[in-house]
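Trainee: Could we go through this one together, a question at a time?
Mentor: Gladly. Let's put it on the screen and begin.

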Amino acid sequence: MPKNVIIGSIVIIVSLGFMIYIVFWSRKTIENIRRKKLRSAREIIKRMNERR
Amino acid sequence: MREDKTHISAELSRELSLFHITMMGLGMMIGAGVFIGIGNAIYFAGPGGVLLTFALNGVIALLTALSYAELSSAIPRCGGAYNFARLSFGRGTSFTAGWMEWFASSVAGSLYAVTFAIYTVRYFEGLGLLGWLPFSTHTNERMVAFLIASFFLYINYRGASEMGKVGAFFTLGQTLFLIFIGLAGFVIVLMDPSRLQNLTPYLPYGWSKILITMGFTYVAFEGYEVIAQAGDEAIDPKRNLPKAMLYSVLIVTLIYVAVAFASIVSVKAGAPGVVGSPWEWIGSFRERGFGESISRLMPFGNFLLTLAVIFASLSALNATIYSATRASYALGRDRMLPRFFASISRKRKTPWIALIFTGGIVISVAVLLPTMDVASSASIMFLFLFFLVNISVIKIRLDMGDELSYGFIMPFFPWLPLLAIICQGVLAVWLVNMSLTAWIIAPVWIISGIGIYYFYSKSHTVTTEDEVCVIEEEEIAPESEQYSIMVAVANPYNALEMIQTTCLLSEAKNANVKLLHMVPVPEQVPLADAEKFMMEGKEGIVEAMLYLLKFPITTTIRYCRNIARGIISALKEKKIDMIIMGWHGKPRSRLFRLGSTVDVVLERAPCNVVILKGLGNRTFKRILVPLRSRPNSALALEVAGILAEKYDAEIVSFLVNEKNRKIDSTKIFEILSRRPNINRTRIKTKHVDSHNTVEAILKEAQSYDLLVLGTTREPLIRQITRDSVSYAVARAYRKPMIIVKASGGIRSWIKRWF
């Protein structure tokens with residue numbers, strides 16, 4: 001199979017995969033912010049760092 | 001009789017759910033870009049190129065959608081690049097954003113009108129119904145574009161607004177149809193795997209052509225930003241606006257890739273009428289290529305696709321005319337354009353003059369420019385607009401991140417918006433290979449806008465309440481090139497605490513002194529009532545002035561919604577070299593390391609920062625200076641040196657060796673003491689080995705009168721929530737202390753702008 005097909009397919013899969021990951025991560029973040037009633041950016045980042 | 005004072009306020013009813021606003025974004029995005037873009041992308045980049053084009057454009061669009069999502073969640077009632085730019089950079093930039101938004105939406109409208117015309121004329125020509133017309137196909141298309149644009153301008157004049165709830169179902173219909181096309185493509189391949197041969201050669205012209213195709217098809221990904229304007233009508237906007245934006249971009253990208261794939265595999269190689277390889281045959285039709293390929297994919301494909309294109313382009317045309325008109329109306333309302341732009345028709349209650357000007361742009365671009373130039377012009381203007389939004393999200397997070405209530409914040413900040421800026425810049429530049437006309441029109445429009453702003457708008461625009469405003473300013477000495485020290489005075493006690501150190505530093509630096517008091521005005525209180533809150537600060541300023549009269553001095557009292565933001569704004573405006581402020585010793589919220597104002601000033605100030613705790617009128621005989629990051633430790637030594645000269649004190653520079661390596665303290669000391677005001681004869685060095693730097697410093701500092709601490713060097717464009725050695729020591733140390741942070745170099749330059 002030509003090299004371009006392999007690289008191109010990988011790029012497409014990684015791009016779409018990245019988008020799906022970011023959207024699902026964002027959805028989870030939005031729900032967490034809402035549930036914990038977080039407000040400022042600092043508060044949200046601090047909570048996220050604590051979770052890690 | 002008791003007077004009942006009931007306040008009645010009116011607001012729009014919130015009826016748009018997540019589904020409706022997602023469909024709103026989808027409806028705007030699935031307008032025209034994909035229908036005319038697929039054929040052209042295949043022509044320029046080949047079968048693999050069109051798939052990569054839409055996949056990579058989707059990623060770039062998502063990066064900007066993240067910025068819009070964050071901003072819309074924090075500022076849900078003021079959606080749009082115009083307001084984001086105003087909050088981040090002020091009126092000049094907001095005018096540019098509104099000006100670009102007006103043009104971008106208008107040209108997008110032209111594109112939708114042209115797309116409608118192309119597919120409609122193609123369909124009726126295919127049925128043999130247009131043979132009697134004496135014009136060429138191109139002329140027919142332009143006439144139809146003119147007529148349909150004029151029709152929708154009239155509809156907008158009559159008062160039809162954006163889709164709302166009914167339009168959502170139309171969008172759902174056309175979305176499902178495109179999904180059906182995508183699925184049909186996969187089914188065809190399952191039934192006849194030889195169709196996959198249509199994908200070769202994958203990139204017949206190489207990878208570079210993808211940059212061109214990404215440029216002119218980028219317009220297919222604009223539309224989600226209108227979701228930001230639905231904040232007043234959306235249910236739970238802080239949660240649903242960001243979700244809708246991200247969902248719509250993801251859904252549209254998946255659809256576009258699937259539909260592009262279906263388009264490539266729809267034509268069997270060697271089928272009757274197909275000349276050359278399938279991708280070459282499809283590409284030869286350019287804007288009509290998508291239609292030709294889908295007509296071969298399914299029965300009645302031609303008719304169904306024409307119907308889908310008609311609905312998609314008409315709903316997008318209606319929405320973009322509305323959106324473009326609203327952009328120019330907003331500029332007129334804020335007096336950035338002549339007042340008549342904000343004129344409302346008495347009969348129809350619509351901004352009819354803004355509509356006329358918008359119509360002028362839509363029709364002239366649709367009729368006069370070739371299709372690819374129209375697409376490229378729309379793409380390039382949206383790229384510039386999104387560039388502005390990506391910068392705004394960084395600025396607003398830094399300036400107002402502690403004040404706003406966010407429903408969403410993006411990951412990997414600020415790298416994703418910076419990546420979006422770079423990618424959009426590259427696409428915009430590469431578009432010159434596709435359309436030089438677009439690259440002439442766009443800068444001419446922007447430059448003419450800048451000219452209009454400076455010669456007209458700047459002197460006519462109305463002020464807005466969000467700005468920091470000066471209540472009183474008295475300048476005893478004129479501005480000069482002297483070193484400038486600003487002293488942030490909260491109240492008379494705080495002023496007296498800082499006087500002695502301020503005098504010493506000002507004398508050593510031969511500085512002029514600017515006393516600043518920020519009056520924080522609560523959100524519920526109109527800024528016009530700010531003067532009620534300023535008495536304590538004014539007394540503090542007067543108290544400080546009595547001791548500082550030997551220096552050139554300026555006093556300023558400003559009101560603001562947020563003290564830290566006001567101080568940073570003053571530092572930038574007055575080009576201050578050093579700020580001195582007090583700290584009471586304990587953060588009032590666990591969110592901050594030292595305090596809500598001190599943290600932000602240390603993070604964002606584009607100058608040297610000196611924070612004083614508990615100094616008062618004490619004298620100091622023994623001063624400890626822990627050495628850590630180089631520029632901050634150098635400033636700490638300099639400040640310690642100035643105080644030591646006054647009090648004839650001893651300075652001990654202190655190093656903690658955590659890793660049991662030999663520290664070359666002489667070399668470090670040599671470098672640090674090159675700063676002015678450091679008398680090397682007063683300084684001794686001491687170093688210890690310890691696993692815990694904080695404990696080692698605290699233990700050593702107990703036998704000293706004063707601790708002068710440089711902060712840890714921090715990342716440039718981020719808020720910091722993790723602790724560091726310096727801040728841990730600062731919170732635990734109970735005796736007098738000075739915390740310093742040095743400015744200088746590229747970091748300060750960036751902070752002056754951000």
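Trainee: Which residues does B:Leu71 touch, leaving aside residues up to four places away in sequence?
Mentor: Keep in mind that this is a predicted model. B:Leu71 belongs to helix α2 of chain B. Once residues up to four places away in sequence are set aside, its contacts are B:Phe84, B:Val389, B:Val393 and B:Ile396.

Trainee: Is B:Leu71 buried or exposed?
Mentor: Buried means under 20% relative accessible area. The relative accessibility of B:Leu71 is 1%, so the residue counts as buried.

Trainee: What separation is there between the C-alpha atoms of B:Leu71 and B:Phe408?
Mentor: Along the chain these two residues are 337 apart. In space, the C-alpha atoms of B:Leu71 and B:Phe408 are separated by 8.4 Å.

Trainee: What share of the contacts in chain B, between residues at least 6 apart in sequence, join residues at least 24 apart?
Mentor: Chain B has 754 residues, and buried ones make up 60% of them. Its secondary structure comes to 24 helices and 11 strands. Of the contacts between residues at least 6 apart in sequence, the share joining residues at least 24 apart is 84%.

Trainee: Why is helix α3 of chain B described as largely enclosed by the rest of the structure?
Mentor: Helix α3 of chain B covers residues 81–89. Its buried residues include B:Tyr82, B:Phe84 and B:Leu87, along with B:Asn83 and B:Arg86. The helix is called largely enclosed because the buried count is 8 of the 9 residues.

Trainee: Which helices do those buried residues of α3(B) pack against?
Mentor: One contact we have already met is that of B:Leu71 with B:Phe84, and B:Leu71 sits in helix α2 of chain B. B:Phe84 is one of the buried residues of α3(B). The full set of chain B helices packed against the buried residues of α3(B) is α2, α4, α11 and α13.

Trainee: What phi does B:Gly90 take, just after α3(B)?
Mentor: Most residues other than glycine have a negative phi. Here the residue just after α3(B) is a glycine, and B:Gly90 takes a positive phi of about 100°.

Trainee: How are α4(B) and α13(B) oriented to each other, roughly parallel or roughly antiparallel?
Mentor: Helix α4 of chain B spans residues 91–126 and helix α13 of chain B spans 371–400; they pack at about 150°, with axes 8 Å apart. An angle over 145 degrees is the cut-off that applies, so α4(B) and α13(B) are roughly antiparallel.

Trainee: Which hand does their crossing have, and how many charged residues are in the contact?
Mentor: α4(B) passes α13(B) in a left-handed crossing. By class, their contact has 17 nonpolar and 5 polar residues, and the charged count is 1.

Trainee: And what about α4(B) with α11(B): roughly parallel or roughly antiparallel?
Mentor: This pair packs at an angle of about 160°, with axes 8 Å apart. The crossing of α4(B) and α11(B) is left-handed. Their contact has 19 nonpolar, 12 polar and 2 charged residues. With that angle, α4(B) and α11(B) are therefore roughly antiparallel.

Trainee: Which helix gives the most to the largest nonpolar core?
Mentor: The largest nonpolar core has 181 residues, and those with the most contacts inside it are B:Phe35, B:Leu51 and B:Ile181. The helix giving the most to this core, with 23 residues, is α2 of chain B.

Trainee: Which chain A residue does B:Leu51 touch?
Mentor: Residues up to four places away in sequence are not counted here. Within chain B, the contacts of B:Leu51 include B:Leu199, B:Tyr202 and B:Phe261. From chain A, the residue touched by B:Leu51 is A:Ile12.

Trainee: Where is B:Pro201, the residue with the cis peptide bond from B:Thr200?
Mentor: Most peptide bonds are trans. The bond from B:Thr200 to B:Pro201 is cis, with omega near -5°. B:Pro201 is found in the loop between α6 and α7 of chain B.

Trainee: Is B:Asn510 buried or exposed?
Mentor: B:Asn510 lies in the loop between α16 and β3 of chain B. Its phi is near 50°, a positive value in a residue other than glycine. Exposed means over 50% relative accessible area, and at 54% B:Asn510 counts as exposed.

Terms used:
Residues are numbered from 1 along each chain as its sequence is written. Chains are lettered from A and ligands numbered from 1 in the order in which they are written. This is a predicted model: local features need pLDDT of at least 70, side-chain atom pairs count only at pLDDT 80 or more; totals for chains, interfaces and linings use all residues. Side-chain values use heavy atoms; hydrogens and water are left out. Axes are lines fitted to C-alpha atoms, for helices over the stretch in contact, and angles run from 0 to 180 degrees between N-to-C directions. Helices (H or I, at least four residues) and strands (E, at least two) are DSSP runs, numbered from the N terminus. Angles under 35 degrees count as roughly parallel, over 145 as roughly antiparallel, 65 to 115 as roughly perpendicular and the rest as oblique. A crossing is left-handed if the near helix is turned anticlockwise from the far one by less than a right angle, and right-handed if clockwise. Ala, Val, Leu, Ile, Met, Phe, Trp, Tyr, Cys and Pro count as nonpolar, Asp, Glu, Lys and Arg as charged, and the others, Gly among them, as polar. A nonpolar core is a set of buried Ala, Val, Leu, Ile, Met, Phe, Trp, Tyr and Cys residues joined through side-chain atoms within 4.5 Å. Buried means under 20% relative accessible area, exposed over 50%, partly exposed in between (1.4 Å probe, protein chains only). Contact means heavy atoms within 4.5 Å.
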